[in-house]
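The following note is intended for a colleague who is meeting this structure for the first time. Please read the numbered points alongside the sequence and the model.

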Amino acid sequence: GGDFASTALMLNGIYTFDTPGAFTPYVGLGVGVLTEVDIDIDAGSAAGEYNDTGTFAVQAMLGTNYAVSERVSLFGELRYLSAGSQTLDGPGGSTVDVDYDSFDALFGLSFRF
């Protein structure tokens, strides 16, 4: 058992397609850094906290907005983030090798002021 945590700081560029109607699809690419990758292993010979900081990452996004009104819209997005293979440092000089890839689905509501 254990847990995995990470934080990322990304700079994204998004291209929105000009379409008639309420749906507005978009695609995006981003670059950034994983400011922290942390794995805590609770038991066994590898027990301990393993972490790394400052790892380069890239991401790709695909989504759409649906205009409910002039100021309110719903959105859905798929997002893939990768930082490749990581070597995390642990207790007593031990290390753990991990592959960092995440695939996320986001859904939400937007308000324009």
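**Surface patches and side-chain contacts**

1. Asp3, Glu36, Asp42 and Glu49 together form a negative patch on the surface. The model under review is a predicted one, and the points below should be read accordingly.

2. One member of that patch, aspartate 3, belongs to strand β1, which covers residues 2-16. Aspartate 3 has a relative accessibility of 40% and therefore counts as partly exposed, since that class lies between the limits of 20% and 50%.

3. The surface also carries a nonpolar patch of about 690 Å². Its contributors are Tyr15, Phe17, Val27, Leu62, Leu78, Tyr80 and Phe103. Of these residues, leucine 62 is placed in strand β4, residues 55-67.

4. How many salt bridges does a search of the whole structure find? The search returns one. Side chains of opposite charge can pair when their charged atoms come close. Here the partners are arginine 79 and glutamate 77, with 2.5 Å from N to O.

5. Are the two partners of the salt bridge buried or partly exposed? Arginine 79 is partly exposed, its relative accessible area being 23%. Glutamate 77, by contrast, counts as buried because its relative accessibility is 7%, and the buried class comprises values under 20%.

6. Aromatic contacts form a further topic. Searching the whole structure gives three aromatic pairs. One of them joins phenylalanine 4 and tyrosine 100, whose ring centres are 5.8 Å apart; the planes stand at 40 degrees, so this pair is tilted.

7. Which parts of the chain does the pair of phenylalanine 4 and tyrosine 100 tie together? Phenylalanine 4 is in strand β1 and tyrosine 100 is in strand β6 (residues 95-111), so the contact links parts 96 residues apart in sequence. Phenylalanine 4 counts as partly exposed at 46% relative accessibility, whereas tyrosine 100 is buried, with a relative accessible area of 9%.

8. Another pair consists of tyrosine 15 and phenylalanine 17. Their ring centres lie 5.0 Å apart and their planes are at 85 degrees, so the arrangement is edge-to-face; the cut-off for that class is over 60 degrees. Both residues also contribute to the nonpolar surface patch. Phenylalanine 17 counts as partly exposed, at 35% relative accessibility.

Technical notes:
Residues are numbered from 1 along each chain as its sequence is written. This is a predicted model: local features need pLDDT of at least 70, side-chain atom pairs count only at pLDDT 80 or more; totals for chains, interfaces and linings use all residues. Side-chain values use heavy atoms; hydrogens and water are left out. Patches are made of residues with over 30% relative accessible area and no salt bridge: like charges are joined within 9 Å, nonpolar side chains (Val, Leu, Ile, Met, Phe, Trp, Tyr) within 5 Å. Accessible areas come from the Shrake-Rupley method with a 1.4 Å probe; for residues, only the protein chains shown count as cover. A salt bridge is a side-chain nitrogen of Lys or Arg within 4 Å of a carboxyl oxygen of Asp or Glu. Helices (H or I, at least four residues) and strands (E, at least two) are DSSP runs, numbered from the N terminus. Lys and Arg count as positive and Asp and Glu as negative; His and the chain ends are not counted. The place of a charge is taken as NZ of Lys, CZ of Arg, CG of Asp or CD of Glu. Buried means under 20% relative accessible area, exposed over 50%, partly exposed in between (1.4 Å probe, protein chains only). Rings of Phe, Tyr and Trp (its six-membered ring) pair if their centres lie within 6.5 Å; planes under 30 degrees apart count as stacked, over 60 as edge-to-face and the rest as tilted.
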